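Let's go through some labels people attach to a model and see which numbers stand behind them. Here is the structure to keep open alongside.

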Amino acid sequence: MVSEDPNQQDHDGTPSQTSALQEHPNLSVHPSVSIHPSVSIHPSVSAHPSVSAHPSVSAHPSVSIHPSVSVYPSSSAHPSTLAQPSGLIQPSSSGPEDLSVIKVSRRRWAVVLVFSCYSMCNAFQWIQYGAINNIFMHFYGVSAFAIDWLSMCYMVTYIPLLLPVAWLLEKFGLRTIALTGSALNSLGAWVKLGSLQPHLFPVTMLGQVICSVAQVFILGMPSRIASVWFGANEVSTACSIAVFGNQLGIAIGFLVPPVLVPNIKDQDKLAYHISIMFYIIAGVATLLFILVIIVFKEKPKHPPSRAQSLSYALASTDASYLSSIIRFFKNLNFVLLVITYGLNAGAFYALSTLLTRMVISHYPGEEVNAGRIGLTIVLAGMLGAVISGIWLDRTKTYKETTLVVYIMTLVGMVVYTSTLNLGHLWVVFITAGAMGFFMTGYLPLGFEFAVELTYPESEGMSSGLLNVSAQVFGIIFTISQGQIIDNYGTTPGNIFLCVFLTLGAVLTAFIKADLRRQDANKETPETKPQEGEEEEDRKSNKDPTTVQEEHF
């Protein structure tokens, strides 16, 4: 064995942390593990005869195994595993440069913020038509159902493209998917600028379809970015921030279009106001594409957590993609989560698409306030998402938190339904905000719970399947609720959603909290660090950019 300098630093200046080695007769030596240079050999420990050292490796006199660390007599390294000259198992080409160090990169915050911003831009383009659907109906001379399809095309496009994009994510990685998604988002925004005449509705539909394809490269990314870039105690918060951008885009999509595009009859003036909105969003999308090129990296130099390090080690480029999908659907807890997540998110999609129509049916001429109500729903949900993410990182109570939030979503929907037609807009603002706090705050909870239930399977695939369920239910709910509103009114339409949210809450109660990723990150309590190590651990706890060393 060869000692490793404890003061070694990588490019960002953060001291490295290493993990101790535990051997098992059926497992090969994990590439993320190394022997701490301060440990000494226990007299009762002997090397297993099946473990051989590389000829170039010799034990340094100052390097030994700590008395509190023992290798069990039945332990052995995998026969195919040889010690490398560095004293570590050489990582595979698919992993980071050095898997022996568990630490987080300072770049992680830039990566998640840039992703959050271009996700925000894409979400804005989803809702910009629905927020002022009556104005676009007048400008293009089409029906309300045609305008609804400008939102629903996002849902329809996602379903057939999920599996190809998930395969691309596994094959080419985060950077390629991020570049593709942001490029398509920018392209779609520029295409819409060619639709500024009343007879060019097909062109605006084409631009929206391109943006909907970009969305497929975006929606499944939050949990993957969180796992690849963030430590075990940050993943839920990071996922919430990534989802936060999408929700912020929807919020801005409710607020800005009614302000930029007034409800006027003159077609030329209306085209001018629409062009301002389209030019702004195209410029922002292009700027964000440039930022993705500059900031986005495939992955950090070192894995940020034990679970991610183990995930790199278990990854196999030859693994059957179909077998991975089959394993997902054999996981009953995950299947239940897919259904319940789809019911909740689908209800949110339908509510967002039809909100303006519902509000102006009770409060004619209040398009701007309808947008503000949508803004209130999403802003409250963003707050709920961040709070729930921080709560999960501290408590790891995934099942309990998800169930409580789901039940409160149902309660909020019932209260909103009963107050929408009272004639007081300020009451609608309050009840809609309370409902949004839980309804949209649930979205990152679902992503993170799915990763826990399916670890070490692909985070992109688990998130993608949740989103497919959301799109399917979103299409069904949007079309069905729209027809119910047209024929029977807003109250029966909202009761329709309440029924399915009740079903989702009941099914959520049957999901078992099988937290596999948390199990992989757990520290075994068999040994206690010595005094010097305790001091070192206390220091590492104060540094938010380092993950604490794991001792066996």
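Q: What makes helix α6 (residues 222-229) count as mostly covered?
A: Eight of its eight residues are buried, where buried means under 20% relative accessible area, exposed over 50% and partly exposed in between, with a 1.4 Å probe and protein chains only. The buried residues are P222, S223, R224, I225, A226, S227, V228 and W229. Helices here are DSSP runs of H or I with at least four residues, and strands are runs of E with at least two, numbered from the N terminus.

A quick note on the ground rules: this is a predicted model, so local features need pLDDT of at least 70 and side-chain atom pairs count only at pLDDT 80 or more, while totals for chains, interfaces and linings use all residues. Residues are numbered from 1 along each chain as its sequence is written, and side-chain values use heavy atoms, with hydrogens and water left out.

Q: Why is S119 called buried?
A: S119 has a relative accessible area of 2%, and the cut-off is under 20%, so the label fits. S119 sits in helix α1 (residues 108-127). Leaving aside residues up to four places away in sequence, S119 touches I218, G245 and N246, a contact being heavy atoms within 4.5 Å.

Q: How do you know that C211 and C121 are not bonded through sulfur?
A: The sulfur of C211 is 7.7 Å from the closest cysteine sulfur, in C121; a disulfide needs the pair within 2.5 Å, so this is too far for a bond. The structure holds zero disulfides. Both cysteines are buried anyway: C121 at 2% relative accessibility, C211 at 0%.

Q: How do you know that the length of helix α17 (residues 490-508) agrees with what a helix should span?
A: The expected span is 1.5 Å times one less than the number of residues. With 19 residues that gives 27 Å, and the end C-alpha atoms are 27 Å apart, so the two agree. Among the buried residues of α17 are N494, L497, C498 and L501. What covers its buried residues includes α11 (332-362), α13 (398-419), α14 (425-439) and α16 (459-488).

Q: Which residues touch the most other members of the largest nonpolar core?
A: Y118, F136, M221, I225, F296, M413 and Y416, out of 130 residues. The largest share, 16 residues, comes from α11. Such a core is a set of buried Ala, Val, Leu, Ile, Met, Phe, Trp, Tyr and Cys residues joined through side-chain atoms within 4.5 Å. M413 has contacts including L351, M435, N494 and L497.
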